[in-house]
Protein chains: 2
Amino acid sequence: MTKLLISLAALLALAAPAIAQEEAAAPSPGEIVAQAPAEEWITIPSEDLLVMTLAPAADGSARKVVIQLMPAPFSQGWVANIRTLARAEWYDGVTVNRVQDNYVVQWGDPNYANPEAQGVAKPLPEGLREMSEIDYISDEIGQVLAMEDVEIDEDPYADSTFFHQGWAVGGDTNGAWPVHCYGMVGVGRGMSPDTGSGAELYTVIGHAPRHLDRNIALVGRIVEGMEHLSSLPRGSGALGFYTAEEAGKRTPILSVRVASDLPESEQPAFEYLSTEGDTFASYADARANRRDPFFIVPAGGADICNIPVPVRRVAD
Amino acid sequence: MTKLLISLAALLALAAPAIAQEEAAAPSPGEIVAQAPAEEWITIPSEDLLVMTLAPAADGSARKVVIQLMPAPFSQGWVANIRTLARAEWYDGVTVNRVQDNYVVQWGDPNYANPEAQGVAKPLPEGLREMSEIDYISDEIGQVLAMEDVEIDEDPYADSTFFHQGWAVGGDTNGAWPVHCYGMVGVGRGMSPDTGSGAELYTVIGHAPRHLDRNIALVGRIVEGMEHLSSLPRGSGALGFYTAEEAGKRTPILSVRVASDLPESEQPAFEYLSTEGDTFASYADARANRRDPFFIVPAGGADICNIPVPVRRVAD
């Protein structure tokens, strides 16, 4: 790892005339992504998108959150359960019950796995699979494949971390697993070896809690509307659950729908930047070595959660 | 790094009778901290505490934020400027102008360094020092000392990361610098080589933006009231600034005071867990190797921002 105290860009700024400085200005990560050719953007299948509609905000504005479910080979049992729960309209009327600062926002039945629960748990629909902890990792992706992808070095939580088909994953000789970055969506559960059904979901709203990797199933990520969850008032109960006195702060979830089940005109469309293309490699390098004009010292590295995979909405 | 697929605790849970399981249950990081002897808690000097009072919330409740300023040898020029600005009551009446999801909340003069600025910048008081980028690192702490502290391995941003007198720092052969973890407070600035005066401040509300290390001065951390900043509505302008149309969302800052300047009865008191003591070493190890009953697989490591230094309010 090269640690330059004064970057090349800064040296040029001292030595070169103004016009040369402009020519030398390195593009920012965002500018690199904006130049990606169309063929490096990959459409997200509409059956992998969930549209979660929250009750309107206090000022009356609509709050929609779009979640991208994870494709194979990761967590497919839970992902199938979540589609089953959405199609049974089971999530309609549940609430956001837990907002723990620098950790997670969690939604589901307020009477399940909640230290503040006061009622009877909502019955689950038929047909949910029971998953086990061996499903937390996939042996379909191993070290060999990892070497072909954009790999990120020096991770304290995994032998290697890399990007695979649009997702940040960790791996070792046993297989690979998705990692807990900001905005990732996972399956709440009770004490191990319970692995959860998919009825309780959470998203990460703080520093990546990577110690949860391989301990909780990750099933997707928020691709739009994250701010509707991350800015919710924090709960003052244990683990950030809203107390009984704060029950009025529980945000109601009006509905959760698989996008492909919606009328075509209401289906959102998203695409992600291929993590196997040249642009993503340049983008990841620029995230690790910021040389755009604001920066003085490029870091010389980045952790995998500081290289978010670019996702964008496709205009109607 | 040992990667056990099934932890010792999980094996015991399978093999041992219930009573033995309870005896074998490993303490959580929080339980370890709760057992720390009194002498491992170190009082934070009241001149290192800033009390920032925001306008009351929509429901009328008070919003106070307490910031711990960083002690020597880090960023002392900016820290001195911030005390000067607070004592000149310069911050009184400024606002929170920028809330960028998964990044920062920034407060200061809405007409300074703000793409949405529409007025004239507020004049600064006399006596502020001008700092330079060489002040971003301290050569008083180097690799030798690092070896004596609790060191965290495998960091992509620094040759080594470690804890020093209550702070997470990175280092290389040139010196050491504080690192951008959740809740850290830094000095907003314009394009390099500007280093900012301390009039514009921000705190991290997302995944640690470690690429800012050595590029922006860190001056402290939020020790109470973080939720009043992290849950603010996100701005929809460039970089998360509130647009002119959203000016009503700018939270007013009523006052910022150095705690030692307050009447004694109003001075908050805080202490942090010594990062040089046995308890912190056990705590850091437990954060990296979770074996308390919820967990199935201990990570075998942790990044420095996933080991927050415990800080607590001292009861009156």
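What pLDDT does chain A average, and what share of the residues score at least 70? This is a predicted model, and chain A averages a pLDDT of 89, with 89% of the residues scoring at least 70. The model as a whole scores ipTM 0.91 and pTM 0.91. One stretch calls for care: over residues 1-23 of chain A, pLDDT stays under 50. For that stretch the model has 28 contacts beyond four places in sequence. Where pLDDT is low, the predicted coordinates should not be read in detail.

## Chain A at a glance

Chain A contains seven helices and 15 strands. It has 316 residues, and 47% of them count as buried. Take the contacts in chain A between residues at least 6 apart in sequence: 70% of these join residues at least 24 apart.

## How the two chains meet

Turning by 180°, with a shift of 0.0 Å along the axis, lays chain B on chain A with an RMSD of 0.0 Å. That is the relation of a two-fold axis.

Which residues build the contact? Chain A brings 47 residues to it and chain B brings 46. On the side of chain B that touches chain A, helix 6 (residues 226-230) of chain B gives the most, with three residues. By character, the residues on that side of chain B divide into 20 nonpolar, 15 charged and eleven polar. Because 100% of the interface residues of chain B are also interface residues in chain A, the copies meet through the same surface.

## A closer look at helix 4 of chain B

Helix 4 of chain B runs over residues 76-87, twelve residues in total. From its first C-alpha to its last it reaches 16 Å, close to the 16 Å expected at 1.5 Å a residue.

Which residues of this helix are buried? They are B:W78, B:V79, B:N81, B:I82, B:L85 and B:A86. These residues cover an arc of only 160° around the axis, which puts them on the same side of helix 4 of chain B. They pack against five named strands of chain B: strand 2 (49-54), strand 3 (63-69), strand 10 (184-187), strand 12 (218-224) and strand 13 (253-258). Just after the helix, B:E89 takes a positive phi of about 55°.

## Backbone details worth a look

Several residues have backbone angles that you may like to find in the viewer. The table gathers them.

| Residue or bond | Backbone feature | Value |
|---|---|---|
| A:A72 to A:P73 | cis peptide bond, omega | about 10° |
| B:S192 to B:P193 | cis peptide bond, omega | near 10° |
| B:E89 | positive phi | about 55° |
| B:R214 | positive phi | about 65° |
| B:L239 | positive phi | near 60° |

Both cis bonds lead into prolines that sit in loops. A:P73 is found in the loop between strand 3 (63-69) and helix 4 (76-87) of chain A, while B:P193 is in the loop between strand 10 and strand 11 (201-204) of chain B.

B:R214 has its positive phi although it is not a glycine. Its place is in the loop between strand 11 and strand 12 of chain B. Is B:R214 buried or exposed? It counts as buried, because it has 28 C-beta neighbours inside 10 Å and the cut-off for buried is 20 or more.

B:L239 is likewise a residue other than glycine, and it lies in the loop between helix 6 and strand 13 of chain B. With 13 C-beta neighbours inside 10 Å, B:L239 counts as partly exposed.

## Two more loop residues

B:P45 is placed in the loop between strand 1 (41-43) and strand 2 of chain B. It is partly exposed, with 13 other C-beta atoms within 10 Å. Although B:P45 and B:S260 are 215 residues apart along the chain, their C-alpha atoms are separated by 8.3 Å.

On chain A, A:N102 is in the loop between strand 4 (95-100) and strand 5 (104-108). A:N102 counts as buried, with 22 C-beta neighbours inside 10 Å. What does A:N102 touch, not counting residues up to four places away in sequence? The residues are A:G206, A:H207 and, from the other chain, B:Y182. A:D316 is 214 residues from A:N102 along the chain, and the C-alpha atoms of the two are separated by 35 Å.

Notes: Residues are numbered from 1 along each chain as its sequence is written. Chains are lettered from A and ligands numbered from 1 in the order in which they are written. This is a predicted model: local features need pLDDT of at least 70, side-chain atom pairs count only at pLDDT 80 or more; totals for chains, interfaces and linings use all residues. Helices (H or I, at least four residues) and strands (E, at least two) are DSSP runs, numbered from the N terminus. A residue is buried if 20 or more other C-beta atoms lie within 10 Å of its own, exposed if 12 or fewer, and partly exposed in between; C-beta atoms are placed from the backbone. Two residues are in contact if their C-beta atoms, placed from the backbone, lie within 7 Å. Copies are superposed by least squares on the C-alpha atoms of residues with pLDDT of at least 70 in both. Ala, Val, Leu, Ile, Met, Phe, Trp, Tyr, Cys and Pro count as nonpolar, Asp, Glu, Lys and Arg as charged, and the others, Gly among them, as polar. The expected span of a helix is 1.5 Å times one less than its number of residues. The arc is that of the directions from the helix axis to the C-beta atoms. pLDDT is the predictor's confidence in each residue, from 0 to 100.
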